[in-house]
Amino acid sequence: MKRKGGLDMPGDFPRPDTRHPVCLPDGTAHESTVFLRAAIRHPRIEVGDYSYASADSPSADWAERLAPYLYDFSPERLIIGKYCQIAHGVEFITASANHRRDGFSTFPFAIFGGAATEGVPRPSMPGPGPDTVVGHDVWLGRNARVLAGARIGSGAIIGAGAVVTGEVPPYAVMAGNPARCIRRRFGAPTIDRLLKIAWWDWPVDRVLAHEAAICGFDLPTLERAAAG
């Protein structure tokens, strides 16, 4: 398809700050697909170049759609790497959604007001939670849920409807609730070589020049490109 905007990039590839990088055959922008770096302005969200979300309908607030419990004042962050692919319905349930669960009740009395001593946290509120981190070139399938503190390795595939917690190894295929590793996409030696190559850190013109090797299975070509 033709693309709209950012046409000074190699091969008319859009710039990473293009909000709507896909142009429909009639020349209009596909408003339900966005490069997230251009679409999100949130102090607690970091997104790498070319990571995109594509949904069934446009959104006026992509930060709220993807991470509805991450507030401007939240202590935790959501960090998404480069070249990630996020399908419709994916949500990041970040730490600010949590309730305290180490006592008898999980009820968050503090959010409904009441007396509080200045500088003293309310006892019904949990402490700060961990960041949620997504590596590079991660594919998150439709309606996947990523829970607070999850750390997803580069190259992982998260299946549709999966509920992800904890550590996800690089190039793992995850499915189910709770998500479990169905398999690794490649053997350990190949994964180690891919992580060393780190093609997602290359200039985009080099990435596009080696599209066939990146989307295929040509490690020697990628290693030569990385060395050059």
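This text walks through the sheet, the aromatic pairs and the charges over rings in a predicted model.

Start with the sheet. Seven strands build it, and it is open. Their order is 1-3-5-8-11-14-15, with mixed pairing. Strand 1 (33–35) and strand 15 (180–184) stand at the edges. Each has a single partner strand, so one side of each lacks a neighbour in the sheet. Strands of a sheet pair through backbone hydrogen bonds, parallel or antiparallel. Strand 3 and strand 5 run parallel, joined by two bridges. One bridge partner can be named: Y52 is matched by Q85 in strand 5.

Now turn to the aromatic rings. The model holds ten aromatic pairs. One of them is Y50 with Y83. The two rings are stacked, 5.2 Å centre to centre, with 25 degrees between the planes. That angle counts as stacked because it falls under 30 degrees. Y50 lies in the loop between strand 2 (45–47) and strand 3 (52–54). Y83 lies in the loop between strand 4 (78–80) and strand 5 (85–86). The pair therefore ties together parts that are 33 residues apart in sequence.

Both tyrosines are buried. Y50 has a relative accessible area of 8%. Y83 has 12% relative accessibility. Y50 and Y83 also belong to a cluster linked by ring pairs, together with F13, F35, W199 and W200.

Two arginines sit over tryptophan rings. R65 lies over the face of W62, at 5.2 Å from the ring centre. R206 places its charged end over the ring of W202, 5.5 Å from the centre.

Terms used
Residues numbered from 1 in each chain as written. Predicted model: local features only at pLDDT ≥ 70, side-chain atom pairs only at ≥ 80, totals over all residues. Heavy atoms only, no water. Phe/Tyr/Trp six-rings, centres within 6.5 Å; stacked < 30°, edge-to-face > 60°. Helix = DSSP H or I, 4+ residues; strand = E, 2+ residues; numbered from the N terminus. Buried < 20%, exposed > 50% of the residue type's maximum accessible area, 1.4 Å probe, protein only. Lys NZ or Arg CZ within 6 Å of the ring centre and 35° of its normal. Pairing = 2+ DSSP bridges.
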